[in-house]
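Please go through the interface of this model with me, one question at a time.

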Amino acid sequence: MEYQELPYVLIDYIGGKHGVHEDHVEFLKKYFHLITLKEYIENKKFLSEKIRAIYMWYHKPVVNEELLQSLPNLKIVASSGVGIDHLDLKLLSGYGVKASNTPFIVSSDTADLAMALMLASSRRLVEGYQMAVSPDTEYFPADWLGDAVSGATLGIIGMGSIGYKVAERAKAFEMKILYHNRNRRNKEEESAVGAVYCEKIHHLLQQSDFVLLSVNLMPATHKLIGKRELELMKPTATLINVSRGLVVDQDALVEALQNKVIKAAALDVTYPEPLPRDHPLLKLKNVIITPHMGTATKKTRLLMMENMIKSIQAGLMGLPIPHEVLL
Amino acid sequence: RPTIDRKLLESLPNLKVIGNSGVGVDHLDLKMIANFGVKVTNTPHAVADSTADIGMALMLASARRLVEGCQIAVSPDTKYFAVDWLGVEVTRSTLGIIGMGNIGYKVAQRARAFHMRILYHNRKQRRKEEEEAVGAHYCEKIEDLLQQSDFVMLVVNLTPETHKLIGKKELGLMKPTATLINISRGAVIDQDALAEALQNKVVRAAALDVTYPEPLPRDHPLLKLNNIIITPHIGTATVQALRMMAEEAIANMLAVLNGQPIPSEV
């Protein structure tokens with residue numbers, strides 16, 4: 001296939017801290033003629049009609065009205081990851097542009113991280129590490145304790161692909177599993193993981209030792225966990241968030257943690273990311289924060305790329321698009 | 001504690017039993033104690049869940065670079081989160097369990113839920129039903145396990161046979177992408193060999209709940225490496241395990257004193 005025949009696809013940039021992974025580029029170039037945003041801006045006249053797809057890696061390039069107006073032949077925006085709260089679907093639809101994401105392949109890694117956060121928080125792993133390596137440590141105190149994960153009660157808010165995989169893992173730790181979801185799962189799915197449905201979120205909050213948030217971010221889940229919900233939780237409970245920072249009212253969370261309304265929190269996501277360096281969440285002893293690394297493994301990123309290639313190809317050929325995101 | 005020495009045993013003529021909390025008894029001179037006609041019991045069941053949990057916690061934390069990630073998230077110098085900062089997968093990778101006793105088996109049960117391929121090496125092969133229940137494959141030769149595993153977890157007792165079980169040779173047999181996890185006793189690993197292996201990237205990383213001694217001297221090479229997690233021997237450090245250990249120790253000691261069958265005599 002001649003180079004000029006490959007479809008022109010817009011990306012933000014390559015490498016560095018935020019760009020398309022350098023070791024993905026060779027593979028991508030087999031399918032697409034990649035145009036960076038910088039190249040596009042320098043040669044708008046020629047390129048604006050050529051670009052037919054956008055490969056959106058970690059929310060970049062940002063697609064706004066101005067960009068859409070200048071790309072008359074744009075057919076599809078393929079977005080990495082499962083979250084789509086950063087896309088203006090209405091706007092895209094208005095320009096006849098389709099969108100896709102990469103669900104399911106991100107689920108195992110994100111579920112693994114949720115388990116990692118729950119275990120690290122409850123067993124005080126980060127504190128323990130600091131003690132083990134601190135220059136001031138002379139002995140390990142005998143009365144230094146964490147809490148058990150095995151046998152405890154896990155409440156999963158959002159029982160989609162990720163939430164369900166967490167339930168599968170938690171079952172092996174003999175955890176009691178409660179869940180709250182828009183739709184109840186069927187009986188076989190529930191009994192496979194021993195999960196009990198809580199139609200009312202407050203029942204889940206009152207009974208759980210660990211509350212896990214694995215919902216999509218949308219208007220109904222914005223600040224889903226606020227002052228009221230935190231107060232319903234046990235004072236010995238831990239909040240774990242692997243969904244989006246905005247699902248939690250962060251100011252209410254800070255207050256709850258400061259006043260020991262709940263025991264601890266473990267967050268892979270915040271709003272914004274990173275938090276401002278003077279944010280109160282960074283100063284609390286009973287919080288662990290990780291840098292949005294739910295899908296941060298080599299294998300999963302490769303799978304995400306492969307998914308996005310397939311979606312773009314289908315979109316450009318007018319075929320049904322794998323993992324299309326509909327309004 | 002209290003330390004059991006000859007002096008103490010000689011001064012307690014009516015001592016019948018030492019109820020040890022925890023499962024390890026490498027700190028006790030079993031021969032000497034037996035000579036005084038004193039029984040020793042431990043608490044293998046109380047420690048199993050919490051220790052298996054710590055094994056899983058260390059494996060996940062190391063694979064996903066959790067400690068480093070936390071440091072990045074809170075560092076005053078952090079301006080953005082790098083998208084190409086990656087860890088390794090746990091789901092569907094291969095876990096090699098060395099020591100498939102109570103604790104090792106519970107690790108296998110947990111790892112299975114992560115769709116891990118489970119290999120194990122043990123003095124004795126487990127029964128077929130036990131193997132099938134967790135999908136574990138027996139490796140009669142430790143080398144086979146070491147060469148195939150992405151994660152190697154040590155869950156053995158410390159005995160003369162397991163002292164420095166993992167040395168330069170064993171580390172050399174492991175994959176360069178593999179992680180070593182130790183929840184047994186520090187002396188099961190040749191620590192100097194481990195420090196060298198980690199420095200030269202012969203293995204990817206290590207996660208240790210136990211070292212020799214505990215704590216390590218503050219100038220120990222293991223403390224300077226950035227591809228290691230160390231925790232302060234917290235395998236049984238939960239409120240729940242502590243209570244269960246006390247209950248199990250009491251039950252054992254009462255059994256001895258009442259002349260009944262002893263659940264966990266060593």
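The turns below deal with how chain B meets chain A.

This is a predicted model, in which local features need pLDDT of at least 70, side-chain atom pairs count only at pLDDT 80 or more, and totals for chains, interfaces and linings use all residues. Residues are numbered from 1 along each chain as its sequence is written, chains are lettered from A and ligands numbered from 1 in the order in which they are written, and side-chain values use heavy atoms, with hydrogens and water left out.

Student: How much area do chain B and chain A bury between them?

Tutor: The size of an interface is often given as the accessible area lost when the parts come together. Here that is the area (1.4 Å probe) lost by two parts, summed over both. Carbon and sulfur atoms carry 66% of it, and the total is about 5000 Å².

Student: Which residues of chain B lose the most area to chain A?

Tutor: Three residues together account for 15% of what the chain B side buries. They are B:Arg64, B:Phe81 and B:Val83.

Student: How many salt bridges does the rule find across the interface of chain B and chain A?

Tutor: The rule asks for a side-chain nitrogen of Lys or Arg within 4 Å of a carboxyl oxygen of Asp or Glu. Across this interface, the number found is zero.

Student: Which element gives the largest share of the side of chain B that touches chain A?

Tutor: Elements are DSSP runs numbered from the N terminus: helices (H or I, at least four residues) and strands (E, at least two). Those giving two or more residues include helix 10 (239-257) and strand 9 (228-230) of chain B. The largest share, nine residues, comes from helix 3 of chain B.

Terms used:
Contact = heavy atoms within 4.5 Å.
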